[in-house]
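Student: I should like to work through this structure step by step. Please show the sequence and the structure before we begin.

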Amino acid sequence: VQAWLKSRGYAGMNIGSRTVKETFTPGAAAQPMDAESARLDRTVTPREMARFLADLHRGQLLAPEGTATILDIVGRTVGDRLALSLPPGASVRHKTGTLLGGELVSVNDVGYVTRPNGAVIVMAVFIKDSPTSVAHATRDKVIGHIARAIYDDIQLRATR
């Protein structure tokens, strides 16, 4: 997987062997991993993740069946981080992530927001190393507010 990502121009993306196994092995359950090992196993910047998602959506990375499979997976994600503050009529296909590590928590949500007119917005929002004293719902709301700000900015640009 890493060689394939690098060959496609994603040398800085490491989705980790565990992620591949957990995502593509039927019945595979997530196994405990300490926070530092997880950080080293799964690394990507929000910009690179958004570029990857955009390329995937345009059909530039996989055959149509593979693209459909990935889009189906992100369409089944439970959780509302990106969707929390979006207006009615917007729909979300996304993948959330949470990394618990001692006194810090990192959370993210990446995916596709479809506007009522059918236009798709790619989003990747990461919160890294938030203190555990912050409520999970607060971090989720922050991601939701960021998603809404991106959505509103694109809506505003489209009307100009």
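Student: Against which elements do the buried residues of helix 5 pack?

Tutor: The model is a predicted one. In helix 5, the buried residues are Thr67, Leu71 and Val74. Their partners in packing are helix 4 (46-57), strand 1 and strand 2.

Student: Over what arc around the axis do Thr67, Leu71 and Val74 of helix 5 lie?

Tutor: Helix 5 covers residues 64-75, and its 12 residues reach 16 Å from first C-alpha to last, close to the 16 Å expected. Thr67, Leu71 and Val74 are buried in this helix. They lie on the same side of helix 5, because the arc they cover around the axis is only 60°.

Student: How many bridges join strand 1 to strand 2?

Tutor: Strand 1 comprises residues 91-101 and strand 2 residues 104-114, and the two run antiparallel. They form a hairpin with two residues between them, and Gly102 in the turn has a positive phi of about 65°. Within this pairing, Arg93 stands opposite Tyr112. The number of bridges joining strand 1 to strand 2 is 11.

Student: Which residue in strand 3 is the bridge partner of Leu104?

Tutor: Strand 2 also pairs with strand 3 (residues 120-131), in the antiparallel sense and over 10 bridges. These two strands form a hairpin with five residues between them, where Gly118 in the turn has a positive phi of about 95°. In strand 3, the partner of Leu104 is Pro131.

Student: Is Glu48, which forms a salt bridge with Arg51, buried or exposed?

Tutor: The closest N and O atoms of Arg51 and Glu48 are 3.5 Å apart. The two residues are three apart in helix 4, which means a separation of about one helical turn. Arg51 is partly exposed at 35% relative accessibility. Glu48 has a relative accessible area of 12%, under the 20% cut-off, so Glu48 is buried.

Student: Which residue of helix 6 forms a salt bridge with Asp153?

Tutor: Side chains of opposite charge can pair when their charged atoms come close. In helix 6, Asp152 forms a salt bridge with Arg148, the closest N and O atoms being 2.8 Å apart. For Asp153, the corresponding distance to its partner is 2.7 Å. That partner lies four residues away in helix 6, about one helical turn, and is Arg157.

Student: How many salt bridges are found in the whole structure?

Tutor: The pairs discussed include Arg51 with Glu48 and Asp153 with Arg157. A search of the whole structure gives a total of six.

Definitions and conventions. Residues numbered from 1 in each chain as written. Predicted model: local features only at pLDDT ≥ 70, side-chain atom pairs only at ≥ 80, totals over all residues. Heavy atoms only, no water. Pairing = 2+ DSSP bridges. Expected span 1.5 Å × (residues − 1). Buried < 20%, exposed > 50% of the residue type's maximum accessible area, 1.4 Å probe, protein only. Arc of directions from axis to C-beta. Contact = heavy atoms within 4.5 Å. Salt bridge = Lys/Arg side-chain N within 4 Å of Asp/Glu carboxyl O.
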